[in-house]
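Biologist: I have the model open in front of me and would like to go through it with you piece by piece. Where would you like to start?

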Amino acid sequence: MTGSPADPPARSRPRLTVLPLIALIFYDVSGGPFGIEDSVRAGGGALLPVLGFLVLPALWSLPEALVTAELASAFPTNAGYVAWVSAAFGPAAAFLVGFTKWASGTLDNALYPVLFLDYLRSGGGLALAPPLRSLAVLVLTAALTYLNYRGLHLVGLSALALTAFSLSPFVALTVLAAPKIRPARWLAIDVGAVNLRGYFNSMFWNLNYWDKASTLAGEVEEPRKTFPKAVFGAVGLVVGAYLIPLLAGTGALPSETAAEWTDGFFSEVGQRIGGPWLRVWIQAAAAMSNMGLFEAEMSSDSFQLLGMAEMGMIPAIFARRSKHGTPTFSILCSATGVVILSFMSFQEIIEFLNFLYGLGMLVVFAAFVKLRVKNPDLPRPYRIPVGTAGAAVMCVPPVVLITTVMCLASARTVIVNAVVVAAGVALYYGVEHAKRRAWVEFLAPVPPPPDSSHGSTTASDAADVEDVRAGLLADEPADEAPPRSHSAVQMTAFTGYSETATRSLMKSEP
């Protein structure tokens, strides 16, 4: 399904391979150790963040990565988690998850142009007056948005280069810190200085977003094979990129410096361990890392909108591709959101987006378990080697962590997120009304035949899951799925839509 007859054919577009996809997942989740400094201060010393980056990847990151690997290989489409939730719970829930996750991603992306300028300013660097700073944020956002427009393969290759550059100073830092490390410093903790809300928000933010790359699955070469490899490669890279610099910095500096560990402190660590040259190198790496983070997040957010448009959830204009194969209007929509939200403070953004993201992930984990129960025989090229009960148990630790983070949120965060969810519900019914009135063009699912059943039987549910996957794979290369007419695809797992709501103004094939 495509947004325009002039869209470049899927086979002619350059596709992502394993290494660029690893780099994009790395930047979706991490981007390097920049931003973990706050966990030392909020944890009252090195002990809690060291334990956190040892334990939480197993309890949180790995389950999310495993779920992403399994479902992205079963549904290799740009709709990503929106397709999973739709297959499990129907289009209304899927739309709301898509909206909240897009909002949290856009909120997250608003950080990076600002952080880029912050790192350039730190240590007596480039400082701009407020009007010039706002202009610089706009220029940076426009320049990075243009790179996204030019093609996902360029973004992937640039992310690969940025990964190497962003991590390179920490190799030097670790080597120079090694003789100064005192392991006892890793056990330091000042219980009175512990800020649980700040600690959990910092850890959660630095270890989430594994599922974001699933919205790029439709742009991946042999996604059923490539995606699981890339996800597991990225897990190792992310954990190493956090833990090794953290152990080096906290082990080499006195425990009394814990209160100094705020955002950007790794540049000061470089100064104290290696001198001014290492400080400048870390600052440059941090600034460039923020560019990589922006590119990866923008790609995931914009291709998610493209996938939702291909499912008929939002207007067809969001599925239009440029001559470079990128979703032009989806990119512009995401960039506009970034500019609007860039005035917020760092801590406000972190807490708001963690809560929003947590809401979406609770539904994603529920969808994963339900699809295991609903259709255990659905072909999954990568399948987590546990049964249905094991899959449910695996989801318990991340759900507990999400619930903890949400319970620690301020009243203001809860109110803001409730408003966002209410806006998502209103937007869903507004879009459905626009479909019925045919006000704008949609690529909507073809309604099921009159005699089709959408009851609650297991056979019907299994057929629904097969139909959604067949519909979403209709535009895959010939070696992955047999070619079929776009207009003939029946995506009945998305047919929580009424017959009038599923009327389509689909464009004819060229």
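**Helix α7 and beyond**

Modeller: Let me start with α7, where P131 and V139 are exposed on the side of the helix away from its buried residues; please keep in mind throughout that this is a predicted model.

Biologist: OK, and which residues of α7 are buried?

Modeller: The buried residues of α7 are A136, V137, L140, T141, L144, T145 and N148. Looking down the axis of α7, these buried residues fall within an arc of 160°, so they line one face of the helix.

Biologist: What covers that buried set in α7?

Modeller: The cover includes four other helices, namely α6 (111-121), α8 (152-177), α12 (276-310) and α13 (328-341).

Biologist: How far apart are the end C-alpha atoms of α7?

Modeller: They are 29 Å apart, which agrees with the 28 Å that the 20 residues of α7 (residues 130-149) should span at 1.5 Å a residue. Just after α7, G151 takes a positive phi of about 140°.

Biologist: Which residues that aren't glycine have a positive phi?

Modeller: Y209 and A438 are among them, with phi near 75° for Y209 and about 55° for A438. I single them out because most residues other than glycine have a negative phi. Y209 sits in the loop between α9 and α10 (223-252), whereas A438 sits in the loop between α17 (411-437) and α18 (458-472). With a relative accessible area of 2%, Y209 is buried, while A438, at 43%, counts as partly exposed.

Biologist: Back to what covers α7, then. Where is T326, and is it buried or exposed?

Modeller: T326 is in the loop between α12 and α13, and because its relative accessibility is 1%, under the 20% cut-off, it counts as buried. Leaving aside residues up to four places away in sequence, T326 touches N148, Y149, G151, L152, F303, R320, R321 and I331. Among these contacts of T326 are N148, one of the buried residues of α7, and G151, the residue with the positive phi just after that helix.

Biologist: What does T328 touch?

Modeller: T328 is found in helix α13 and, with residues up to four places away in sequence not counted, it touches Y149, R320, R321 and S322. T328 is partly exposed, with a relative accessible area of 22%. Its C-alpha lies 9.8 Å from that of F303, although T328 and F303 are 25 residues apart in sequence.

Biologist: Changing topic, where does D190 sit?

Modeller: D190 lies in the loop between α8 and α9 (196-207) and is partly exposed, with a relative accessible area of 44%. The C-alpha atoms of D190 and R41 are separated by 9.7 Å, with their positions 149 residues apart along the chain.

Biologist: How many residues are in the largest nonpolar core, and which have the most contacts inside it?

Modeller: That core has 145 residues, and the ones with the most contacts inside it are I25 and W60. Helix α12 supplies its largest share, 14 residues. Not counting residues up to four places away in sequence, W60 touches F204, L207, N208, Y357, M361, F365, P398, L401 and I402.

Biologist: Which stretches does UniProt list as "transmembrane region"?

Modeller: The unreviewed UniProt entry lists residues 47-69, 81-103, 123-147, 154-178, 230-248, 352-371, 383-402 and 414-431 under that feature. In the model, the span 414-431 is 100% helix, with its end C-alpha atoms 26 Å apart. The span 81-103 is 96% helix, and its end C-alpha atoms lie 14 Å apart.

Biologist: And α5, is it enclosed or open?

Modeller: Because 16 of its 19 residues are buried, α5 is largely enclosed by the rest of the structure. Helix α5 (residues 91-109) reaches 26 Å from its first C-alpha to its last, close to the 27 Å expected.

Biologist: Last one, how many helices and strands are in the chain?

Modeller: The chain has 18 helices and zero strands, and 57% of its 510 residues count as buried. Of the contacts between residues at least 6 apart in sequence, 84% join residues at least 24 apart. The accessible surface comes to about 18,800 Å², with 68% of it belonging to carbon and sulfur atoms.

Terms used: Residues are numbered from 1 along each chain as its sequence is written. This is a predicted model: local features need pLDDT of at least 70, side-chain atom pairs count only at pLDDT 80 or more; totals for chains, interfaces and linings use all residues. Side-chain values use heavy atoms; hydrogens and water are left out. Helices (H or I, at least four residues) and strands (E, at least two) are DSSP runs, numbered from the N terminus. The expected span of a helix is 1.5 Å times one less than its number of residues. Buried means under 20% relative accessible area, exposed over 50%, partly exposed in between (1.4 Å probe, protein chains only). The arc is that of the directions from the helix axis to the C-beta atoms. Contact means heavy atoms within 4.5 Å. A nonpolar core is a set of buried Ala, Val, Leu, Ile, Met, Phe, Trp, Tyr and Cys residues joined through side-chain atoms within 4.5 Å. UniProt positions are given in the numbering used here, feature names are shortened, and annotations may be inferred rather than shown by experiment. Accessible areas come from the Shrake-Rupley method with a 1.4 Å probe; for residues, only the protein chains shown count as cover.
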